[in-house]
Amino acid sequence: MQVDTPRTVAEAVAVQDRLRPLADLVGPGPRRPAMVAGLDVAYAESGDLLAAAVTVLDAATLTVVDRAVSVGRPAFDYVPGLFAFRELPALLAALDGLTVQPELLVCDGHGLAHPRRFGLACHLGVVTGLPAIGVGKTRLVGESAEPGPRRGDSTPLIDGGETVGRVLRTRDGVKPVFVSVGHRMSLDNAVDQVLALTPRYRLPETTRTADRLCRDALAAART
DNA sequence: GCGACAG
DNA sequence: ATCTTGTCGC
């Protein structure tokens with residue numbers, strides 16, 4: 001699968017505006033997905049090389065059953081709000097390398113919780129047609145109250161008067177993550193899936209395994 | 001004009 | 001994202 005990469009900020013924003021209506025923000029999406037994918041990208045210090053990775057986990061055992069990587073160059077400069085254009089080509093190339101088809105994409109970044117309501121998770125979901133959610137480590141937009149201290153505690157993430165996501169504590173006492181809908185998923189289901197993927201660590205097993213894979217792939221490519 | 005700003 | 005040591009806590 002492939003996608004056109006805009007050359008300017010104006011073009012990129014136009015692409016987001018054109019694709020945004022195609023995102024299904026209702027879902028509810030699979031309640032018991034058998035295969036869940038994690039996606040992540042690692043960059044070389046030089047900034048001109050990157051490795052994208054996708055890992056597919058058996059949702060019941062959280063075991064990696066398939067994986068794929070793609071090495072390339074960033075497709076766009078980093079601009080908050082246009083982050084997806086940087087990694088999209090490489091992530092799609094990695095997805096093409098899969099043998100096992102996932103039923104849900106867990107993205108490292110936001111979905112609806114975006115200034116124009118079209119973050120990486122929405123973009124990946126719309127382009128692939130697969131259910132997708134975003135799990136960010138830090139905030140991009142929105143305000144929220146501090147969630148309770150226990151795993152599962154959460155508060156709404158609100159931006160411009162609308163709920164765009166959920167600030168969720170995935171483990172007792174750890175910094176919360178930002179969950180938002182990407183495509184074909186409800187926010188409640190997205191939160192449930194994230195909790196199912198975090199039995200031990202703050203971040204979903206999907207993003208953890210993908211993170212390790214892309215780092216290793218980058219190290220191997222640098223030689 | 002001064003901050004904020006996914007990864 | 002990446003550059004980086006020690007350090008606090010379980």
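In these legends Ala, Val, Leu, Ile, Met, Phe, Trp, Tyr, Cys and Pro count as nonpolar, Asp, Glu, Lys and Arg as charged, and the others, Gly among them, as polar. The model is predicted, so that local features need pLDDT of at least 70 and side-chain atom pairs count only at pLDDT 80 or more, whereas totals for chains, interfaces and linings use all residues. Residues are numbered from 1 along each chain as its sequence is written, chains are lettered from A and ligands numbered from 1 in the order in which they are written, and side-chain values use heavy atoms, with hydrogens and water left out.

**View 1. The protein surface near DNA strand B comprises six nonpolar, seven polar and three charged residues.** Of the 16 residues around this strand, where a residue is near a strand if one of its heavy atoms lies within 4 Å of it, those that come nearest are Y78, F83, K137, T138 and R139. Sugar or phosphate supplies 56% of the atoms of DNA strand B within 4 Å of the protein, and bases supply the rest.

**View 2. Polar contacts to DNA strand B involve Y78, H114 and L120.** A polar contact is a pair of N or O atoms within 3.5 Å; within protein, one must be able to donate a hydrogen and the other to accept it, and residues adjacent in sequence count only if both atoms are side-chain atoms. A polar side-chain atom of Y78 is placed 2.4 Å from a phosphate oxygen of DNA strand B. An N or O atom in the side chain of H114 lies 3.4 Å from a base nitrogen of the strand, while for L120 a backbone N or O atom is 3.1 Å from a base nitrogen.

**View 3. DNA strand C is surrounded by A42, Y43, K137 and R215.** Sugar and phosphate make up 100% of the atoms of DNA strand C that come within 4 Å of the protein. An N or O atom in the side chain of K137 lies 3.2 Å from a phosphate oxygen of this strand, and the nearby surface has two nonpolar, no polar and two charged residues.

**View 4. Two aromatic pairs are present in the structure.** Rings of Phe, Tyr and Trp (its six-membered ring) pair if their centres lie within 6.5 Å, with planes under 30 degrees apart counted as stacked, over 60 as edge-to-face and the rest as tilted. F76 and F85 form a tilted pair, 5.8 Å centre to centre and with 45 degrees between the planes. The ring centres of Y78 and F83 are 6.2 Å apart and their planes stand at 70 degrees, so this pair is edge-to-face.
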